[in-house]
Amino acid sequence: MEQDRQQTLARRNRRTAMAAFGVVATMVGVSFAAVPLYQLFCRVTGFGGTPMIGSAPAPGAGQQTVTIRFNANTQPNLPWRFEAVQASQTLHVGEEGVAFYRARNTGTAPATGVSTYNVTPETVGRYFHKTACFCFEEQTLTPGQEVDMPLAFWIDPRIADDPNTRNIRTITVSYTFFRTLADAERSGALANAGPHVGRRDAPPQGTP
């Protein structure tokens, strides 16, 4: 009888331990998955100003025009001068635009950077489609080296049908270069950032 009681108690202890381990494992898993799941949610819904990503080409110019402003930021400990080549562009919705950012290593040693991006106002995220960009790709520049990085995009014509966005005429695209993605994550930049869609080779100077 005593042996049966001890065996029953041992089984209960094992079940309790396994349940506790399962709770801990679930909490750890949720903590690691929180940022990727949030990013996935943003990418699918356009929440938080995350641009929608897809391979669909621009559908063709509509009637409404939107001015796109280009913003550039650099982490203070990255010895780069990073800027938008053009301050803004005005495009028709549905028309593909191509813009350029420029980075130059102002330091005395090679330096590597990686960028994140976002758009504001946040409500337009679902209507801003990027077809090529340089975000989330590490760039290593030697001292004095300068590169131009292209961004291709289009604005979904449905922006004019949404009561929350139909009156928006200016959209700001912001890129920020960090030394590492870990630095970007610590700053909170990854929470709203969408993934890159691949690099598009820049056309030679003077070509359309």
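In what sense do strand β6 and β8 pair, and over how many bridges? Strand β6, residues 111-120, pairs with β8 in the antiparallel sense, and three bridges connect the two. The model is a predicted one. The protein contains two helices and 10 strands, and buried residues make up 36% of its 208 residues.

**Overall architecture**

- Along the sequence, the elements follow the pattern α-β-β-β-β-β-β-β-β-β-β-α.
- Among contacts in the protein with a separation of 6 or more, 79% are between residues 24 or more positions apart.

**The five-stranded sheet**

- Five strands form an open sheet in the order β4-β2-β10-β6-β8, and the pairing is mixed.
- The edges of this sheet are β4 (88-92) and β8 (139-141), each of which pairs on one side only.
- From one strand to the next, the twist averages 30°.
- At the β8 edge, where the partner strand is β6, Thr112 stands opposite Thr140 of β8.
- At the other edge, β4 pairs with strand β2 (residues 65-74) in the antiparallel sense, over five bridges.
- Within that pairing, Arg69 has Ser88 of β4 as its bridge partner.

**Side-chain alternation in β4**

- In a regular strand the side chains alternate between the two faces of the sheet.
- Strand β4 shows such an alternation: Gln89 and Leu91 point to one face and are buried, whereas Ser88, Thr90 and His92 point to the other and are not buried.
- Ser88, the bridge partner of Arg69, therefore belongs to the set of β4 residues that are not buried, since burial requires a relative accessible area under 20%.

**Pairings of β9**

- Strand β9 is mostly covered, with seven of its 10 residues buried.
- β9 runs antiparallel to β5, and eight bridges join the two strands.
- β9 also pairs with β7 in the antiparallel sense, over four bridges.
- Opposite Phe153 in β9 stands Lys130, while Arg102 stands opposite Asp148 in β9.

**Asp148 and Arg102**

- Asp148 lies in strand β9.
- With a relative accessible area of 29%, Asp148 is partly exposed, because this value falls between the limits of 20% for buried and 50% for exposed.
- The side chains of Asp148 and Arg102 are joined by a polar contact of 2.7 Å.
- Asp148 and Val85 are 63 residues apart in sequence, and their C-alpha atoms are 8.4 Å apart in space.

**The nonpolar core**

- The largest nonpolar core comprises 31 residues, and those with the most contacts inside it are Ile68, Ile171, Val173 and Tyr175.
- At least two residues of this core come from each of β2, β3 (80-84), β5 (97-105), β6, β9 (146-155) and β10 (170-178).
- When its neighbours within four places in sequence are left aside, Val173 is in contact with Ile68, Arg69, Phe70, Asn71, Tyr101, Asn118, Val119, Phe128 and Leu151.
- Among these contacts of Val173 is Ile68, which is itself one of the core residues with the most contacts inside the core.

**Cysteines**

- A search of the whole structure finds zero disulfides.
- Cys133 is buried because its relative accessible area of 1% is under the 20% limit.
- Cys135 likewise counts as buried, at 0% relative accessibility.
- Cys135 is found in the loop between β7 (128-132) and β8.
- From C-alpha to C-alpha, Cys135 and Leu151 are 9.3 Å apart in space, and 16 residues apart in sequence.

**Asp183 in helix α2**

- Asp183 is found in helix α2, which covers residues 181-187.
- The relative accessible area of Asp183 is 14%, so this residue counts as buried under the 20% limit.
- A polar contact of 2.3 Å is made between the side chain of Asp183 and the side chain of Arg186.
- Leaving aside neighbours within four places in sequence, Asp183 is in contact with Gln75 and Phe178.

Notes:
Residues are numbered from 1 along each chain as its sequence is written. This is a predicted model: local features need pLDDT of at least 70, side-chain atom pairs count only at pLDDT 80 or more; totals for chains, interfaces and linings use all residues. Side-chain values use heavy atoms; hydrogens and water are left out. A disulfide is a pair of cysteine sulfur atoms within 2.5 Å. Buried means under 20% relative accessible area, exposed over 50%, partly exposed in between (1.4 Å probe, protein chains only). Two strands pair if DSSP finds at least two bridges between them. Axes are lines fitted to C-alpha atoms, for helices over the stretch in contact, and angles run from 0 to 180 degrees between N-to-C directions. A nonpolar core is a set of buried Ala, Val, Leu, Ile, Met, Phe, Trp, Tyr and Cys residues joined through side-chain atoms within 4.5 Å. Contact means heavy atoms within 4.5 Å. A polar contact is a pair of N or O atoms within 3.5 Å; within protein, one must be able to donate a hydrogen and the other to accept it, and residues adjacent in sequence count only if both atoms are side-chain atoms.
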